[in-house]
Amino acid sequence: MPIHWFPPINATLNATSGILIVIGFLLIRRKRVAAHHACMIAAVISSSLFLISYLVYHIGYGAGITRFAGTGWVRTLYLVILVSHTILAITVVPFIIVTLTRALRGDFLRHRKIARFTFPMWLYVSVTGVIVYFMLYHIYPSR
């Protein structure tokens with residue numbers, strides 16, 4: 001696969017995860033447990049595929065760092081988004097694993113308690129991943 005395909009694929013997987021997370025949230029609010037379950041499993045799969053693709057791109061292909069071309073206040077905004085995205089992307093992984101494990105074991109009381117933290121973090125990471133992609137590759141691309 002050509003290396004330049006990875007960033008848009010990764011952004012698509014991030015966007016897909018975000019959409020599935022929101023749909024899963026709406027489904028559980030409507031007590032549609034089986035549909036919520038399927039949606040959240042799909043979100044985990046999408047996020048897992050993202051992580052694999054991201055690691056292949058950066059480690060396997062040695063893609064390195066793409067420099068952000070924006071300047072001034074937009075560079076500061078980009079860095080704030082990127083840093084918060086990166087910190088939460090690392091933080092949310094164990095939350096997702098624990099949340100998923102509790103649901104699969106049927107421990108729904110504890111699942112719900114941790115999901116209240118997992119949901120906003122995971123959604124933020126998904127949305128900001130797409131924002132970083134657009135800022136880095138489309139709005140302020142390196143030349």
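Just after helix α3, Gly-106 adopts a positive phi of about 80 degrees; helices here are DSSP runs of H or I with at least four residues, numbered from the N terminus. The model is predicted, so that local features need pLDDT of at least 70 and side-chain atom pairs count only at pLDDT 80 or more, while totals for chains, interfaces and linings use all residues. Residues are numbered from 1 along each chain as its sequence is written, and side-chain values use heavy atoms, leaving out hydrogens and water.

Helix α3 spans residues 73-104 and comprises 32 residues. From its first C-alpha to its last it reaches 45 Å, close to the 46 Å expected at 1.5 Å a residue, the expected span being 1.5 Å times one less than the number of residues. A bend of about 30 degrees occurs at Val-92, with Pro-94 following within four residues; the bend is the angle between axes fitted to the seven residues ending at a position and the seven starting there. Buried residues of α3 (under 20% relative accessible area, 1.4 Å probe, protein chains only) include Tyr-78, His-85, Val-92 and Ile-96. The buried residues of this helix pack against α2 (33-60) and α4 (108-139).

The largest nonpolar core (buried Ala, Val, Leu, Ile, Met, Phe, Trp, Tyr and Cys residues joined through side-chain atoms within 4.5 Å) has 12 residues, among them Val-92, Ile-96 and Val-125. Two or more residues are given to this core by each of α1, α2, α3 and α4, and the largest share, 4 residues, comes from α2.

Asn-10, in helix α1 (residues 6-29), is buried, with a relative accessible area of 6%. Residues up to four places away in sequence not counted, Asn-10 touches Phe-50, Ser-53 and Tyr-54, contact meaning heavy atoms within 4.5 Å.

Notes:
Buried means under 20% relative accessible area, exposed over 50%, partly exposed in between (1.4 Å probe, protein chains only).
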